[in-house]
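Student: Please take one part of this model and look at it closely. Start with a single residue pairing, then work outwards to whatever surrounds it.

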Number of protein chains: 2
Amino acid sequence: MINQKPEGAGTVGQLGEFALIDAITAVLQPAGTTSPKSVVVGPGDDAAVIALADARAVVSTDAMVEGIHFRRSWSSAADVGTRAAAANLCDAVAMGSQPVALVVALALPSDVPVSWVLDLAAGMKAEADRVGAVVAGGDIVSSPTLMLTVTVVGSVVADRVVLRSGATVGDVVAMTGRLGWAAAGLAVLSRGFSSPRVLADAHRRPEVDYQVALRGAKKASAMCDISDGLVADARHLARASGVRLTLRTADLVVTDAMRDVGAALGVEPSEWVLAGGDDHAFLATFGSARQVPTGWTVIGDVEEGEGVTVDGQNHAGPAGHRHFA
Amino acid sequence: MINQKPEGAGTVGQLGEFALIDAITAVLQPAGTTSPKSVVVGPGDDAAVIALADARAVVSTDAMVEGIHFRRSWSSAADVGTRAAAANLCDAVAMGSQPVALVVALALPSDVPVSWVLDLAAGMKAEADRVGAVVAGGDIVSSPTLMLTVTVVGSVVADRVVLRSGATVGDVVAMTGRLGWAAAGLAVLSRGFSSPRVLADAHRRPEVDYQVALRGAKKASAMCDISDGLVADARHLARASGVRLTLRTADLVVTDAMRDVGAALGVEPSEWVLAGGDDHAFLATFGSARQVPTGWTVIGDVEEGEGVTVDGQNHAGPAGHRHFA
C-alpha cells in the first residue's frame, strides 16, 4: 500500500508556492482542454496576454479581506471565490463591456488549507464561466491576513462604453437584480443566525444575471453597478451626470423573509433595500420606458437638479457602505 | 486664527474612504492637467478604460504585504510605491509590451497616516511616469494588514510578445540591470544596519532602466524579468524553451560594497547575485551576440539539454525566493 495524500490535503505552507500554483492551474484549466481564444498567453509567463474586440481595455480591481468582507466560518471558499469574481465582473459589465479575463492576487497565511484555495479557484472559475471570462493569471504571496484582489479586463463590444455621466433630464431610471438581500443576510449572520437560508446565502454569494445586465448596457444612457447601495450609487450617478434622480419605492421588492428578519431584529427592511450594496444589482438610465429591456424595473425619473429623492423626500438614512467610517 | 489641518494630516480612518480617494486622485493627476490620451476613462466610474495599440492586452498582478515584502520602518511610503509599481511595470516590459496603466488595490489599517498613503501614490506615479504609464484606478479597503496589489495593463508594440519559451540552441544569454544589490540590502537591514546606504536603498526601491529593457525585448528570442533570482528564473526560461542555459559568472558584477558586507555577515556575496530577486533585472536570449543591444551583458549560451549550469556546474545554492518555504 502506498501512502498517498489526497489532492488538496495539507496547508499552503506545507505545499509551497510553485506546487500550489500548479494545483490551482489544474483547477482553472482541466488537463487536456485548450485555452479559450481570448487567452493568447496564459499562466506561466511574466504576464498574461488577452485578446480583445478592439484596442480598448476596461480595467477594474477589487480587494476582499478576511474579517472585513468575509469570514471563513460564514462562507465556503467557493462562495468567497464566486463573490470576488462577481464583484469584478459586474464592474466590467456596468461599463457595457464583455468581461474577458480575471487576474487574481492571493495573500495567504501559511496555515490555510490547500483544499480551501482550490475551492476558491473553482468558485472563481465557475462564476467567470457564467459570463464567458477566464482566470488568466495571478500572484500568490504569504500574508498574516487572508485576502484576495481580483482585477478584471473587459472588452468594449458596443461602439461605446456606458458611463455614469450619460443621464439626461427626461430619462427614466431602472434597476435589475436583487437589492437588500445580502445586507439582510449579513445582519442575520452577524447576530449568530444562519436562517433564513435564502438571505444568508445572498450574503455568501451574489446571484447576478450578466446577460440581463449586458442587455441593459446596450440601451442605457448611464449605468453603474450597485455596490455602495441603491441611494449612494444613485447619488454618484446623479452627480456625474449633473441631474437629480427621483426614485420610487413602490416597485422595489421587500421580501417576506426580509420583513420577518427586520421585525425580529428591529430593523426597517426597506433600509437594506435602499442602502445594501453586496447584491451587485445594476442601476441605469434609459431615454424612455420603451427602451428598458426585459428583466429591468423602472423605479424613477431623471430631473433637473441634483442629488436623489426617494418617494419625493431626500433620503435621510445611511448613504451606503463606507470603509473606515 | 482658523485652525486648519495641513493636507495629509490624520489617519485614513479619520479621513474616510471617499475623501481619501479624492486626495489620492489629486496626487495622481494635479488639478488643471488633462488625462493622457491612453486613459479613455479615468478614476470615478465602475472601471477605467485604457487605449491600447491593438486588440491585445498584457496583464499582470503583484501583491506586496507589510512585514513580508516591506517594513514601514525600513522603507518610505514613496519607496514602497516605487517598488510596487516597478514590479508590475517590469512584468509588462518583460513581455515586450509598453506598460500603459496601473490599477491599485490598497488594503489599509485605519491608523495608517493619510500622508503615508499620499506619498505611496506619489511614488507609484513617479515610477509609472518614467515609462509613460499612468495610475488609472483602484480600490481602497479596510484591513488589519497593510497591503497593496498592483495590476499593470500593457500594450503590445512590436508585432509579437516575447515569451519565456522562445530560446533556441545556439542563442546567447544576456542580462541587464543590477543583481544581488537588493538581496544584500535586505541582509543589511535585517541585521539592524542601514549602511552601506547604496545597498539598503537598493532593497528599498529598484532602479530599472525600462528603455534598455524594451530595447532588448525588440530583439530577444525569449525574455523574463528576474524576480525569483537569476538562476531560478533562468531555470524557468530553460524549462519553457526546452533547452539548457549555461551561465558564466565572469561578467556578473559583485561590487566592493557587496564583498565588504558579505565578509562582515559571513555570506558569500555571489549568492546574492545568483539568487537575489528584488532588483528587477532582466534575462533574455538573443539569436547572436551581434543582436544584443547596448546596456545588456552576455553571460552565457543556450545549449541542448535542460536546466541551468553556472560556470559548468549545476548550481547548488538556493534556487531563489520561495514563498511559504
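**A strand and its surroundings**

Tutor: Leu102(A) has Val152(A) opposite it, in strand 6 of chain A. Strands here are DSSP runs of E of at least two residues, helices are runs of H or I of at least four, and both are numbered from the N terminus. This is a predicted model, in which local features need pLDDT of at least 70 and side-chain atom pairs count only at pLDDT 80 or more, while totals for chains, interfaces and linings use all residues. Residues are numbered from 1 along each chain as its sequence is written, and chains are lettered from A and ligands numbered from 1 in the order in which they are written.

The part to follow is strand 4 of chain A. Ten bridges connect strand 4 of chain A to strand 6 (residues 147–156) of chain A, and the two run antiparallel. Two strands count as paired if DSSP finds at least two bridges between them. Strand 4 of chain A is also joined to strand 5 of chain A, by eight bridges, and here the direction is parallel. Within that second pairing, Ala101(A) has Val134(A) of strand 5 of chain A as its bridge partner.

Strand 4 of chain A is mostly covered, with 12 of its 12 residues buried. A residue is called buried if 20 or more other C-beta atoms lie within 10 Å of its own, exposed if 12 or fewer do, and partly exposed in between, with C-beta atoms placed from the backbone. Leaving out residues up to four places away in sequence, Leu102(A) touches residues including Ala85(A), Met124(A), Val135(A), Val150(A) and Val152(A). Touching, or contact, means that the C-beta atoms of two residues, placed from the backbone, lie within 7 Å.

Ala101(A) and Leu102(A) also appear in the largest nonpolar core, which has 236 residues; together with Val117(A), Ala101(B), Leu102(B) and Val117(B), they touch the most other members. Such a core is a set of buried Ala, Val, Leu, Ile, Met, Phe, Trp, Tyr and Cys residues joined through C-beta atoms within 7 Å. In soluble globular proteins, nonpolar side chains tend to be buried together.

Next comes the sheet. Its six strands are ordered 5(A)-4(A)-6(A)-3(A)-2(B)-1(B), and the sheet is open, with mixed pairing. Strand 5 (134–142) of chain A and strand 1 (39–41) of chain B are the edge strands, each pairing on one side only. On average, neighbouring strands in this sheet are turned by 25° against each other, direction ignored. Helix 4 (residues 114–130) of chain A packs on the sheet and touches strand 4 (97–108) and strand 5 of chain A; the direction of the helix makes about 170° with that of strand 4 of chain A. Axes are lines fitted to C-alpha atoms, for helices over the stretch in contact, and angles run from 0 to 180 degrees between N-to-C directions.

The sheet takes in strands from both chains. Strand 3 (residues 56–65) of chain A runs antiparallel to strand 2 (residues 48–51) of chain B, with four bridges between them; there Ala57(A) stands opposite Ile50(B). Strand 2 (residues 48–51) of chain A is likewise joined to strand 3 of chain B by four bridges, antiparallel, and Ala51(A) faces Arg56(B) in that pairing.

As for the whole interface, 61 residues of chain B are in contact with 61 residues of chain A. On the chain B side, strand 3 (residues 56–65) gives the most, nine residues. By class, that side of chain B has 35 nonpolar, 15 polar and 11 charged residues. Here Ala, Val, Leu, Ile, Met, Phe, Trp, Tyr, Cys and Pro count as nonpolar, Asp, Glu, Lys and Arg as charged, and the others, Gly among them, as polar.

Finally, there is the domain that chain A places beside this region. Chain A is divided into domain 1 (14–27 + 37–156) and domain 2 (164–314), with bounds that come from an automatic or database domain assignment. Their centres, taken over C-alpha atoms, are 26 Å apart. Fifteen residues of domain 1 of chain A are in contact with 14 residues of domain 2 of chain A. Helix 3 (residues 77–94) of chain A supplies the largest share of the domain 1 side, 10 residues. That side of domain 1 comprises eight nonpolar, three polar and four charged residues.
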